[in-house]
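This report concerns a protein model with more than one chain, and it is best read with the coordinates open alongside.

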Amino acid sequence: MKPGSEESTLVIEAGLAERHYWRDLWRYRELFYVLAWRDISVRYKQTIIGVLWALLRPLLTMLVFTLVFSRIAKLPSEGTAPYALMVFAGLLPWQFFSTSLAESSNSLIDNSNLISKIYFPRLIVPTASVVVSFADFLISFIILLGLMIWYQFLPGWQIFALPLFIALGFLASLGPGLWIASLNVKYRDFRYVIPFIVQLGLYVSPVGFSSSLVPEQWRLLYSLNPMVGVIDGFRWAILGGQAAIYWEGLLLSCAVTVFFLWLGVRHFRRMERSFADLI
Amino acid sequence: MPEFAISVEGLSKRYLVGHQIARVERYTALRDVIARSAINLGRKTINMVRGRPIVEGDEVEEFWALKDISFDIRDGDRVGIIGRNGAGKSTLLKILSRVTEPTNGRLKISGKVASLLEVGTGFHPELTGRENIFLNGAILGMTRNDIRSKFDEIVAFAEIEKFLDTPVKRYSSGMYVRLAFAVAAHLEPEILVVDEVLAVGDAAFQKKCLGKMEQAGSEGRTVLFVSHNMAMISSLCDKAIQLENGQLVAQGSSESVIINYATSGRSSPAAADYRSSRRRIGDEFAELLAADIRNERGEAILEIEINKPFSVRMEYQISIGTDRHFVPNFHFHRADGSCAFIVSSEAKRHLSGHEYAAVCFIPPNFMNDGLYSVRLALSSFESGVSVHFDEIGALTFNVRDPIDGVPTRVSGYTGPIPGSVRPLLTWTVAPID
């Protein structure tokens, strides 16, 4: 770009919506990679077992859930699928959702030194932190493979739909993540709300049990929780049709996800310009 | 048509600040604490419902960090921004670098801006020096290829070759700062915005940084530079802007703005009157009363042409008659704080209760051009050295070089000539037979 050329002239005015915002977002993609890489590479620094933590946490949760829900509460699995496998198929997206929600909500405050000193499209920060949880998610996939080998369970053609549900899970966590991240800058109360939501959500979402246990007349209402659609989708894809998909609920979950995404992006964009003053 | 790099029109920035009302209660009763907390909670809830930010304190007040600022900066200008703490300098830089948005007004920027509001923004303590170079470079807007091609240069500049693979949390603070500045110094933007970041590091490194910034300026980049160090401003910038309480009070050549800044609150920098000031300068023997700089016609002036004589005059009063011999002495300092020279008169016995005037005549073609400050002192050497008063930076004046008709420029050279003095001396240049 030549100095003084028309396209490099930037006009800043109070309240003027950023016209080049989405183009800037593309231009700053390098920063996005670097921030994601930074968070991934420092995540397990100065720990003894390092990246094994990403395997250990879901594994232990899975064992406890299987024990409590299957052995003690005697809840049924999906079809003939082993209970542990069913729990893990739900635990995978849930852990992805909960860590990315928690990370993205706090991401702006954790990076306040950047935000108050450097310009860049702020959307990069929470999005990059979701990518970090995605790395953990990929690592815990190894456990799923291990479980499948252990139970000698072969998934069906449905497994190819899994990326769609991963994308849905990504968006389902990004929407509320953006919304809460921007609110968190202004009102730190949300810092204390997030762990609560995550803890409660684990029991409200069908992680330890199958969503087919929910009475038929309540199922649509239950699907207002966007993670219900994501988890059901994961089970359907991984367990190869052992879990029937509940289409109305899935569509509703998608709609709720889109709504939250719209709300999150809109609120974030509106607040973004004042982040540096409030943080 | 003049090419403006930055053009600012009516820029204002408002912040909300909270105040704590001073309490006069003698005891803090639990009842009052609860009542006050309830009121605060109510106010915060109302603010939240209305979508306003939470401001701590009992009273909320508007504060204008910048108020109706307008100026233009041409392509390739090196502009210093000066002002006291809280004058709005950093806010202005934040708006220019798009970190925060103005409340009113607009600005136009042509060219890629890189801003350096802090050294080492985004450095991660757990990452190694090598990793942080890439991280910090990306944060400052460099691409990975840019960084890779300059990597060796950056490492050499920072002098940290041995510790490249050590986490920066194990670095000494000096190494940390050197690395951080090294990355920033290798940015190649069209407009460089720098906040007071050079105040760190040792003197040698500061000099190196300054050299790098001078280079950026000489390559035709536009540089905006905030500093409290007037020497850096005067050596680095050709123009300056002075802010005071969020308003632009002066702009122009850096020399004239620095003089204006150095003397704000006083009638004239080249004339100081201490008689009316509440602060008494002196001890039980003597007191400084006034001082000024005068031209050959006896008029108080701010700026002297290099080929004209002038005088420095100080008035003082002797309180107690003693058998001391007082020595008035003047210390001339350059803008960078270094001492150019010191002059003193002969030691003389003074009469008690009398006012004296000490005048020192500076010949033409003696001092170099530039900004000088004068430190006024009165000493005596009877029982060891005693200093009766010593006023640092009492007077400020500028020696101007009009270039045309200056005897020390008969060579025809018109560029800058370094040094504190530029005396007109006798030469003989002749073939040796």
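The paragraphs below take up chain B as a whole, then its strand pairings and a helix, and finally its contacts with chain A.

The model is a predicted one, and the values given here are computed from it. Chain B contains 8 helices and 19 strands, and its C-alpha trace spans about 80 × 80 × 50 Å along the principal axes. Of the 433 residues in chain B, 37% count as buried. Among the contacts in chain B with a separation of 6 or more, 70% are accounted for by residues 24 or more positions apart.

Three antiparallel pairings can be set side by side, two of them within chain B and one between the chains.

| Strand | Partner strand | Bridges |
|---|---|---|
| E10(B), residues 271-273 | E11(B), residues 286-295 | 3 bridges |
| E11(B), residues 286-295 | E13(B), residues 310-318 | 9 bridges |
| E1 of chain A, residues 9-13 | E4(B) | 5 bridges |

Strand E11 of chain B thus has an antiparallel partner in E10(B) and another in E13(B). In the pairing with E10(B), B:Ala272 stands opposite B:Ala291, which belongs to E11(B), while in the pairing with E13(B) the residue B:Asp292 stands opposite B:Arg313.

Helix H1 of chain B, which covers residues 30-49, has 20 residues and reaches 28 Å from its first C-alpha to its last, a span close to the 28 Å expected at 1.5 Å a residue. Is this helix buried or in the open? The number of buried residues among the 20 of H1(B) is 0, so the helix lies largely in the open.

Turning to the interface, 37 residues of chain B are in contact with 29 residues of chain A. On the side of chain B that touches chain A, the elements that give two or more residues are strand E4 (104-110) and helix H3 (129-139), and the largest share, 7 residues, comes from E4(B). By residue class, this side of chain B divides into 14 nonpolar, 11 polar and 12 charged residues.

Strand E4(B) also takes part in a pairing across the two chains, since strand E1 of chain A runs antiparallel to E4(B) over 5 bridges. Within this part of the model, A:Leu10 stands opposite B:Ile109 of E4(B). The strand that gives the largest share of this side of chain B is therefore one that pairs with a strand of chain A.

How values were computed
Residues numbered from 1 in each chain as written. Chains lettered and ligands numbered in written order. Predicted model: local features only at pLDDT ≥ 70, side-chain atom pairs only at ≥ 80, totals over all residues. Contact = placed C-beta atoms within 7 Å. Helix = DSSP H or I, 4+ residues; strand = E, 2+ residues; numbered from the N terminus. Nonpolar A, V, L, I, M, F, W, Y, C, P; charged D, E, K, R; others polar. Pairing = 2+ DSSP bridges. Expected span 1.5 Å × (residues − 1). Buried ≥ 20, exposed ≤ 12 C-beta atoms within 10 Å, placed from the backbone.
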